[in-house]
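The following exercises are to be worked through with the sequence and the coordinates at hand. Each task is followed by a solution in steps.

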Amino acid sequence: MRKLMAILFMILSTFVFSSFTDVKPDNLFLNTCFTVSSIVFSVGLSVIVTFNLTGVKNRYYIEKIRDAIHNMRNKFISYFFMVVIIYLLGNYMNINDIKIISISGFDIMFDLSTFFCMMIILSVAYFIVNFLEIQKLNEDIFDRVNRELSENGNK
């Protein structure tokens, strides 16, 4: 539900931003957003792929952590696939402003290039948040294994 609300918020803010400003992103800005998204995706996926379960002995926890990591990897890949599609559409479509509503001589416009850039920027935020979560999980596992080792060593 939160994801749907975030997407709806992005669409609504794109309507507002597109209608009230003359600032329209060009292909260079779209390319830059995509490059940043690609770099952050690459770093995040490398952290997921190299995730280390050394020290975890409980088979149940190992399976649970692996499932969570595989789910996150699949989400990363699917979101990046959507970013690639958005980038390709934004780079090769010549449509900019689409007139939606005209009220008392004021036109509410929807600029696709702004929408495409905002969606790619949102993906960067998603990749960073998940990168931080996987890093925290790795640290939590390390701390837990060390705590259990020190407790067992004191007995």
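**Exercise 1.** Determine in which helix Asn130 is placed and whether Asn130 counts as buried or exposed.

*Solution.* In this predicted model, Asn130 belongs to helix 4, which covers residues 112–154. The relative accessibility of Asn130 is 8%. Buried means under 20% relative accessible area, so Asn130 counts as buried. Leaving aside residues up to four places away in sequence, Asn130 touches Met72 and Phe76. Both Met72 and Phe76 are listed among the buried residues of helix 3.

**Exercise 2.** Carry out the same analysis for Ser37, starting from its helix.

*Solution.* Ser37 lies in helix 2, residues 27–49. With a relative accessible area of 0%, Ser37 is buried. Its contacts, again without residues up to four places away in sequence, are Phe80, Val83, Ile120, Ser123, Val124 and Phe127. Of these, Phe80 and Val83 are in helix 3. Other buried residues of helix 2 include Cys33, Phe34, Val40 and Phe41.

**Exercise 3.** Check whether the end-to-end distances of helix 2 and helix 3 agree with a rise of 1.5 Å a residue.

*Solution.* The expected span is 1.5 Å times one less than the number of residues. For the 23 residues of helix 2 this gives 33 Å, and the end C-alpha atoms are 32 Å apart, so the two values agree. For the 34 residues of helix 3 (residues 59–92) the expected span is 50 Å; the end C-alpha atoms lie 49 Å apart, which also agrees.

**Exercise 4.** Identify the residue that caps the N-terminal end of helix 3.

*Solution.* The cap is Asn58: one of its side-chain oxygens is 2.9 Å from the backbone nitrogen of Tyr60.

**Exercise 5.** Describe how helix 2 packs against helix 3.

*Solution.* Two packed helices are described by the angle between their axes and the distance between the axes. Here the axes of helix 2 and helix 3 come within 11 Å and cross at roughly 165°. Helix 2 is therefore roughly antiparallel to helix 3, since angles over 145 degrees count as such. The crossing is left-handed. Residues of helix 2 at this contact include Leu30, Phe34, Ser37 and Gly44, and those of helix 3 include Ile69, Met72, Phe80 and Tyr87.

**Exercise 6.** Place these helices in the chain as a whole, giving the order of its elements.

*Solution.* The chain has 4 helices and 2 strands, which run α-α-α-β-β-α from the N terminus. Buried residues account for 31% of its 155 residues.

Notes: Residues are numbered from 1 along each chain as its sequence is written. This is a predicted model: local features need pLDDT of at least 70, side-chain atom pairs count only at pLDDT 80 or more; totals for chains, interfaces and linings use all residues. Side-chain values use heavy atoms; hydrogens and water are left out. Buried means under 20% relative accessible area, exposed over 50%, partly exposed in between (1.4 Å probe, protein chains only). Contact means heavy atoms within 4.5 Å. A polar contact is a pair of N or O atoms within 3.5 Å; within protein, one must be able to donate a hydrogen and the other to accept it, and residues adjacent in sequence count only if both atoms are side-chain atoms. Axes are lines fitted to C-alpha atoms, for helices over the stretch in contact, and angles run from 0 to 180 degrees between N-to-C directions. Angles under 35 degrees count as roughly parallel, over 145 as roughly antiparallel, 65 to 115 as roughly perpendicular and the rest as oblique. A crossing is left-handed if the near helix is turned anticlockwise from the far one by less than a right angle, and right-handed if clockwise.
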